[in-house]
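Open the model in your viewer and keep the selection box at hand. This tour goes stop by stop.

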Amino acid sequence: MSQKIPATVITGFLGAGKTTMIRNLLTNAGGKRIALIINEFGDLGVDGDVLKGCGAENCSEDDIIELTNGCICCTVADDFIPTMTKLLEREQRPDHIVIETSGLALPQPLVAAFNWPDIRTQVTVDGVITVVDSAAVAAGRFADDHDAVEAARSEDESLDHESPIEELFEDQLTCADLIVLNKTDLIDVAGLGRVRDEVASRTQRKPVMIEARNGEVPAGILLGLGIGTENDLANRKSHHELEHEDGTPHDHDEFDSFVVELGRIVDVASFVERLKTIIAAHDVLRLKGFVDVSGKPMRLQLQAVGSRIDHYFDRAWATGERRATRLVVIGLHEMDEDAVRSAIEALA
Ligand SMILES: Nc1nc2c(ncn2[C@@H]2O[C@H](COP(=O)(O)OP(=O)(O)OP(=O)(O)O)[C@@H](O)[C@H]2O)c(=O)[nH]1
């Protein structure tokens, strides 16, 4: 048997900058042939589309595999293992496999899958890299109001979790071999120091932390960590594993997503401003997709993380492609889907 293929798991909360970092990685990975497995929460394959569009020679469209049947951590047996098996059967095997988890995935069950007999003999986890949105940490996005959580729990004893966002954030940090503090352009030096302290306080383990903007980290740092993370899972248990040692499966009931389709947009600036208001009013966590702008041959890509919105024309609509504005919306379960949907639909 030839050497095991290294696989890097890239995780991090919704909108932290995982896809941006991978896109950058593909452009500076030298001659390494990379296979990408992309998993996204929500029924609109935005990340796959963005990565396929980057045209990197060392990672062709065939080498980008999208897993769309829910979070990768829940579909390990049905989706991830068969995908890996097929990938490993290919005549031309990749030099390195990169896996982008959804922003809501627990990395632990995914890493555990590398101990399955058929996989373990052929692949090893080079390392788990957790991308952090430093600006979101600085804004207190992951530091919940513990008094409010306790009050909710005392009213409803069935609530076995702390805040779901905070818990997930910690689980993703706990599994990390390398933490990338991304979006440093959005905060100052003192703020970054506080973010470092806060992130360090969220995990017992002390993985290396590096800083980045726009996910610009040299491939030599991201690939080749050589950890073999699948052999060190006992030190990285998620909250769920610690609370349910009987093996009760976890779920993502606390989060929801839906796709909104609407008509052509005439005034992009006003659309974006009104979208910001809707996001803030309903505490939408993440919104992304493509916009059909009146009179423009190009497609507008729109990315919102909280109420920060980036948008740019990414490519021309292809001949025969259906032009449409389609946005995936992700939020906590209690988000009022009907209200968000009708508010967005009214913008066209
Ligand atoms: N200002 C700033 N924006 C960034 C940086 N990195 C990424 N972004 C933006 O943040 C948004 C989300 O980035 P993505 O790379 O799609 O994030 P992700 O983690 O893949 O998101 P999900 O897959 O939805 O969880 C995009 O609009 C990016 O352009 C950064 O360092 N600074």
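Domain bounds here come from an automatic or database domain assignment. The model itself is predicted.

**Stop 1: the two domains**

Select residues 5–243 and colour them; the assignment calls this stretch domain 1. Give 255–345 a second colour; that is domain 2. How far apart do the C-alpha centres of domain 1 and domain 2 lie? The separation is 24 Å.

Now look at where the two colours meet. On one side are 12 residues of domain 1, in contact with 14 residues of domain 2. The domain 1 side of this meeting place holds six nonpolar, four polar and two charged residues.

**Stop 2: the annotated C-terminal part**

Extend the second selection to 255–348. An unreviewed UniProt entry annotates these residues as "domain: CobW C-terminal". Within residues 255–348, 26% is helix and 41% is strand. Mark the C-alpha atoms at the two ends of that span: they lie 26 Å apart.

**Stop 3: around the ligand**

Show the ligand and the residues around it. The shell has 22 residues. Which of them come nearest? Pick out Gly17, Thr19, Thr20, Gly103 and Gln303.

Next, colour the shell by class. You should find four nonpolar, 10 polar and eight charged residues. Both domains take part, since domain 1 and domain 2 each supply at least three residues of the shell.

Then switch to the cartoon view. Select helix 1 (18–27) and strand 10 (298–305); each provides at least two shell residues. Which element gives the most to the shell? Helix 1 does, with three residues.

**Stop 4: the nonpolar core**

Hide the ligand and go to the largest nonpolar core, a set of 83 residues. Leu36 and Val180 have the most contacts inside this core. Strand 5 (residues 123–133) contributes the largest share, six residues. Domain 1 and domain 2 are both represented in the core, with at least three residues from each.

Centre the view on valine 180. Setting aside residues up to four places away in sequence, valine 180 touches Met21, Ile129, Val131, Val132, Ile210, Ala212 and Val217.

**Stop 5: threonine 11**

Move to strand 1 (residues 5–11), where threonine 11 is found. Is threonine 11 buried or exposed? Threonine 11 counts as buried because 31 other C-beta atoms lie within 10 Å, and the cut-off for buried is 20 or more.

Add threonine 101 to the selection. It is 90 residues from threonine 11 along the chain, yet the two C-alpha atoms are separated by 5.3 Å. Thr101 is also one of the contacts of threonine 11. Beyond four places in sequence, the others are Ala105, Pro107, Val128, Thr130, Gln172 and Cys175.

**Stop 6: two loop residues with positive phi**

Select asparagine 214. Look for it in the loop between strand 7 (208–211) and helix 10 (219–222). Asparagine 214 is not a glycine, but its phi is positive, near 50 degrees. Asparagine 214 counts as partly exposed because it has 14 C-beta neighbours inside 10 Å.

Finish at aspartate 283. This residue sits in the loop between helix 12 (268–282) and strand 9 (286–291). What is the phi of aspartate 283? It is positive, about 50 degrees, although the residue is not a glycine. With 14 C-beta neighbours inside 10 Å, aspartate 283 is partly exposed.

Note on methods: Residues numbered from 1 in each chain as written. Predicted model: local features only at pLDDT ≥ 70, side-chain atom pairs only at ≥ 80, totals over all residues. Contact = placed C-beta atoms within 7 Å. Nonpolar A, V, L, I, M, F, W, Y, C, P; charged D, E, K, R; others polar. Near = placed C-beta within 6 Å. Helix = DSSP H or I, 4+ residues; strand = E, 2+ residues; numbered from the N terminus. Buried ≥ 20, exposed ≤ 12 C-beta atoms within 10 Å, placed from the backbone. UniProt positions renumbered as here; feature names shortened; annotations may be inferred. Core = buried A, V, L, I, M, F, W, Y, C linked by C-beta atoms within 7 Å.
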